[in-house]
Amino acid sequence: MPVGCEAGSYEAWCIDEAMFTVMMRLAEGRKLRPRKSEDNRALLKQLGL
C-alpha cells in the first residue's frame, strides 16, 4: 500500500473501512463534512453522544 501499511494489517483494514465509508457517502449523495454551526449539539446528537 502506498501509505506504508502492511497488507492484511489492522492499519490497512482501518484505511479500507474509512475509504468504504467515504465512497458510500458519496454514492448516496451525502456530504463528507457536517454543516458548520455555532455549536456542536446537532453533530454530537448525530454521533450518538
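In which helix does isoleucine 15 lie? The answer is helix H1, which covers residues 10–27. The model you are looking at is a predicted one, and its protein chain has 2 helices and 0 strands. Here is a short tour, starting with the whole chain.

**The chain as a whole**
- Along its principal axes, the box filled by the C-alpha atoms is roughly 40 × 25 × 15 Å.
- The protein chain has 49 residues, and 6% of them are buried.
- Its accessible surface is about 4900 Å², and carbon and sulfur atoms account for 58% of that area.
- Among the side chains, 8 are positive and 7 are negative, with 15 Å between the centres of the two sets.

**Helix H1 and what follows**
- You can check the length of H1 yourself: its 18 residues, at 1.5 Å a residue, should span 26 Å, and the end C-alpha atoms are indeed 26 Å apart, so the two values agree.
- Just after H1 comes glycine 29, which has a positive phi of about 80 degrees.

**Isoleucine 15 and the nonpolar patch**
- Isoleucine 15 has a relative accessible area of 30%; it counts as partly exposed because this value falls between the 20% cut-off for buried and the 50% cut-off for exposed.
- Ile15 also belongs to a nonpolar surface patch, together with Met19, Met23, Leu26 and Leu32.
- Taken together, the residues of this patch have about 460 Å² of accessible area.
- As a general rule, an α-helix has 3.6 residues a turn, so residues three or four places apart point the same way.

How values were computed: Residues numbered from 1 in each chain as written. Predicted model: local features only at pLDDT ≥ 70, side-chain atom pairs only at ≥ 80, totals over all residues. Heavy atoms only, no water. Helix = DSSP H or I, 4+ residues; strand = E, 2+ residues; numbered from the N terminus. Buried < 20%, exposed > 50% of the residue type's maximum accessible area, 1.4 Å probe, protein only. Areas by Shrake-Rupley, 256 points an atom, 1.4 Å probe, with all protein chains shown as cover. Lys, Arg positive; Asp, Glu negative; His and termini not counted. Charge placed at Lys NZ, Arg CZ, Asp CG, Glu CD. Patch = residues over 30% accessible without salt bridge, like charges linked within 9 Å, V, L, I, M, F, W, Y side chains within 5 Å. Salt bridge = Lys/Arg side-chain N within 4 Å of Asp/Glu carboxyl O. Expected span 1.5 Å × (residues − 1).
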